[in-house]
Structures are given as structure tokens and as C-alpha cells.
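Open your viewer and get ready to select things one by one. Here is a short tour of the place where two chains meet.

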Protein chains: 2
Amino acid sequence: MDESFLTPTNDGLEAFKQAFRRHAAGVAVITSRDPEGKPVGFTATSLASLAAVPPLATFNMARIASAWPAMTVGNRVVIHMLGSRGQHQAERMSADNAHRFDAGYWHEGPHGLPVLNDVTARMIGTIIEVHPVHSNAVIVVQIESGELGAEDDALLYHERRYLKPEEFAAEI
Amino acid sequence: MDESFLTPTNDGLEAFKQAFRRHAAGVAVITSRDPEGKPVGFTATSLASLAAVPPLATFNMARIASAWPAMTVGNRVVIHMLGSRGQHQAERMSADNAHRFDAGYWHEGPHGLPVLNDVTARMIGTIIEVHPVHSNAVIVVQIESGELGAEDDALLYHERRYLKPEEFAAEI
């Protein structure tokens, strides 16, 4: 009845790697200000909606990330949705953190928050929960305001490449 | 410097809806057994990796969902990654929960768990944390084993449609 499954494994890490390789994700960038006022940010493929009423979103991150000191309950973050025009932002915000806020790619927005150019939407919200799990953490944000940019293909990350969504061919 | 943002809003719900409409997500199905042994499951677009060591994944869900009683620390779940062949599973597992486990689309797998046919990968793991937030919850799962299915286009959900990833045209 089922197709044959070729590579069963009892190695959790291997199972995790194999499975997430098959999973495509939308690409977002989270930014904030750390306690010293420095802009911090990173590319996230873990952004998810949690609830609509109240509007809540979650993302996951490593606690060694340069943005971790900003992830405190009550602090504000900007969640940027990326489209194809924003691929350079995804690349910059996942590379050397000394160059993530080089001039020309962002500006100061509401509450002094760093907001990125060339994105399809931005949401501003307040961190309401932080759940550390081993070396990582789940962050819960309540969305308060936002802005919608020009339309664009949504940016995807899959098998270590940036892609866009496409309709299935009619025969499928 | 920045393109003009056309629709700023201070309505959190409107900002949330506008932004997530621009975000594409991979599609997964979570299944388990509830305390009475009944198979339960639902389609999730919130699946995200949290850590590799140990291998951890998260998903979000409503606490009114039929699968909620199964979401207890120590209980096992199956996380299925869906490809284009699995679109019918995504549709069934987000429709009337009386028909989610009609015969022919699933079978009993390890630990008696309900496993779905026609998926690209399955991971089996144990729930290690459950964080209720308002009417919803964040679930953290430690992955223990898995199986890889036949290759397929990853299944996406974007703007209320099922799509697949595609490369950008060369000129972009």
C-alpha cells in the first residue's frame, strides 16, 4: 500500500537532517536593538504564525546568536517578510554579523528599531515569551503594527538554495 | 532610499494578516494517539527546526484542535514532510476530523503511531515541552528516528494555495 521507505534510521540527528532537507521554508529577517542600543538581526526560516487573536508569531534561534541579548520579554522586534528582491538581505543577515548593518540597506524606523529595505512586509511587535530549550530558544511575539511593501515573489529556502513558489503544472 | 510602503497600519491583526499573506510555508502533517488510543492529526504550516544537537523541532497549534489531548510531555508524535504527492494528505488532515483517518491513507507504524502514506519523510519524536500561549500552544519535539520516502517536489502553502518551489529565472 505505501511506497517503500528506503532509509529508515534510529539516529535522531540523521532523521532530522534528512527530513528537514525535504522541507521548504519561507524566509524572514528579525531585527531589534540590543541592551546597548546596537542594531542586531538575523535571517530566520523558522517564522510561524501562532494565533490571530491576539496576533502572535514565533521564531526559533540559537542562544549564541549576536541578536540573543535583545531577546528579552518587553523588548520590540521587527519581523520582515522577504521576497525575491530581498534575497540580498537574507544573505547579509546570515553572514558576518559585523556587516549586517552596513549603511544603505536599512534605516531607523518606529521606536528606533532598525528596519530593512527591499522587503514585502514588516511587522513590529513586542516579545511576550522566551523559552530557552538546550542551546536554543523559542521566541513569542505579539504583533502591534506593520507595513506592506511592493508585491514580489515570496522568498523560499530549500536544499540550501533560495527559490520562489510556483504553481504545479496543470496535469498534476 | 526605500520603496514607499503603501499601507502602514497600527492594527496588529491587520498587520499580521497582511504580512503572513506574503509568507510561504512548507507543509507538514503531525499525527499521534490521544489518551484513549484514537489516531489524531492535523496539517501544520508552522513546523520549524529548533536545534540539531539534540535534534529538536517545533510546531504551533490551536488548543481547540482534536489532536490537542495528545500533546502531552512524553507522548510520541509523527512529523510528516509533504511533497506534491501528499497534497491530498494536507487537504484531508485540515478538513473534517471525522474523516482524517479513513482507511487507505495511513497505517500503524512504530509504537502504534499512525503514519501517513505518500509523504517525502517522516520523523518520530517525543514531546519534551508544551507551552500554552492564549488559545494556542508551541510544542517542542525531540526527534528519535525517521524514514525517507521517494523524492518529490516539496509542498508549499502560500496565499491559500498549494504550490511547489521553483528556481528564479536566470536574469533575476
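In which sense do S12(A) and strand S12 of chain B pair, and over how many bridges? Select residues 161-166 of chain B to show its S12, then add S12(A): the two strands pair in the antiparallel sense over 3 bridges. Strands here are DSSP runs (E, at least two residues), helices are runs of H or I of at least four, both numbered from the N terminus, and two strands pair if DSSP finds at least two bridges between them.

A word on the ground rules: this is a predicted model, where local features need pLDDT of at least 70, side-chain atom pairs need 80 or more, and totals for chains, interfaces and linings use all residues. Residues are numbered from 1 along each chain as written, chains are lettered from A and ligands numbered from 1 in written order, and side-chain values use heavy atoms, without hydrogens and water.

Stay on the paired strands and pick Lys164(A), which stands opposite Glu166(B) in S12(B).

Next, select Arg161(B) and Glu167(A). They form a salt bridge (a side-chain nitrogen of Lys or Arg within 4 Å of a carboxyl oxygen of Asp or Glu), with the closest N and O atoms 3.1 Å apart. Between chain A and chain B the count is 2 salt bridges.

Now colour the side of chain A that touches chain B. Among the elements giving two or more residues to it are helix H1 (12-21) and strand S9 (121-133). S10(A) gives the most, with 10 residues.

Finally, zoom out: the contact (heavy atoms within 4.5 Å) takes 82 residues from chain A and 82 residues from chain B.
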